[in-house]
Amino acid sequence: MKSLFSPAKAARAQELLRSKLVVEGSPSPTVVVGLDAAYKKLGNAEIGIGVAVALEWGSWKLLGCKVAITEVCVPYIPGLLAFREMLVMAPALSSLIRTVGSVDLVVVDGHGLAHPRRLGIASHVGVAFDLPSIGVAKKKLVGEEVEEGGEVFIVHKGVKVGVVVRARSGKKLYVSPGHKVGLMEAAHLVREMLLDGLPKPTLEADRVSKAVRALLGSLKTGGLPLRVKECPTLLGRLTG
DNA sequence: GCGACAG
DNA sequence: ATCTTGTCGC
């Protein structure tokens with residue numbers, strides 16, 4: 001059987017999307033969305049859980065939440081993360097946008113500009129939905145950390161592509177522009193969203209994805225053989 | 001050839 | 001990311 005995924009073509013697609021990327025802007029969000037994905041192996045199949053939560057800036061009040069569940073047959077390859085996670089993130093995000101009406105900013109797990117081809121998952125999401133977005137990663141993908149004027153930047157091939165933001169615990173967060181946000185603006189916004197070592201939207205999306213994952217586990221324990229083949233895409237709405 | 005390698 | 005045993009410290 002032919003391969004189900006072409007890394008070479010995916011990388012070419014990133015180069016095409018890259019020409020649409022805007023790396024400047026300073027949004028003043030009212031509605032901010034957190035995106036996250038979790039996975040669970042059920043028999044031979046790998047199930048992906050995509051979560052999108054909408055919060056009100058500042059009060060961090062929950063405005064909506066959408067979950068998309070489907071089998072994911074794309075492997076994780078460094079640099080090509082978006083092609084795996086977009087399968088569940090895109091349905092969850094588009095459904096959430098339809099529900100809450102408008103979204104001002106999307107915070108994504110992973111890098112944006114700080115990527116081998118300058119189009120990490122945060123930028124991919126931003127360009128695909130034409131929304132301002134920011135990438136927040138827990139680990140570095142490319143570049144070196146360079147201090148300058150009391151700020152630590154991620155420098156890749158001589159270009160500043162991200163900022164290292166320190167949580168109060170001392171833990172590093174690698175922040176980079178996704179789309180329609182500048183470098184310093186992205187770092188500033190993330191610092192304002194910081195709570196318990198992570199941006200509030202990320203924290204909430206992560207919480208939900210872990211909870212749904214636990215539910216999938218208990219379904220298996222209950223003896224219900226989940227037939228993925230018969231329901232390739234389940235769009236659940238658990239909160240919103 | 002060796003090391004690095006988001007989630 | 002997920003799986004997973006044991007250890008350390010509040």
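## A tour of two DNA strands and a pocket

Start by selecting DNA strand B: of the 16 residues around this strand, Tyr-76, Gly-79, His-111, Ile-121 and Lys-138 come nearest. Here a residue is near a molecule or strand if one of its heavy atoms lies within 4 Å of it. Before you go on, know that this is a predicted model, in which local features need pLDDT of at least 70, side-chain atom pairs count only at pLDDT 80 or more, and totals for chains, interfaces and linings use all residues. Residues are numbered from 1 along each chain as its sequence is written, chains are lettered from A and ligands numbered from 1 in the order in which they are written, and side-chain values use heavy atoms, with hydrogens and water left out.

**Stop 1: the bases of strand B**

Color strand B by base and backbone. Of its atoms within 4 Å of the protein, 47% belong to sugar or phosphate and the rest to bases. Now show His-111, where a backbone N or O atom lies 3.0 Å from a base nitrogen of DNA strand B. Next, pick Ile-121: a polar backbone atom of this residue is 3.1 Å from a base nitrogen of the strand. Leu-80 also has a polar backbone atom 3.5 Å from a base nitrogen of DNA strand B. The surface near DNA strand B has 7 nonpolar, 5 polar and 4 charged residues (Ala, Val, Leu, Ile, Met, Phe, Trp, Tyr, Cys and Pro count as nonpolar, Asp, Glu, Lys and Arg as charged, and the others, Gly among them, as polar).

**Stop 2: the backbone of strand C**

Select DNA strand C and the residues around it: Ala-38, Tyr-39, Lys-40, Lys-138 and Arg-213. Sugar and phosphate make up 100% of the atoms of DNA strand C that come within 4 Å of the protein. Zoom in on Arg-213, which has a polar side-chain atom 2.2 Å from a phosphate oxygen of DNA strand C. At Tyr-39, a backbone N or O atom lies 3.3 Å from a phosphate oxygen of that DNA strand. By class, the surface near DNA strand C has 2 nonpolar, no polar and 3 charged residues. Strand 1 (residues 31-42) gives the most to this surface, with 3 residues; strands are DSSP runs (E, at least two residues), numbered from the N terminus.

**Last stop: back to the protein's own residues**

Which residues should you revisit to end the tour? Return to Lys-138, listed around DNA strand C and also among the residues that come nearest to DNA strand B.

Key. A polar contact is a pair of N or O atoms within 3.5 Å; within protein, one must be able to donate a hydrogen and the other to accept it, and residues adjacent in sequence count only if both atoms are side-chain atoms. Helices (H or I, at least four residues) and strands (E, at least two) are DSSP runs, numbered from the N terminus.
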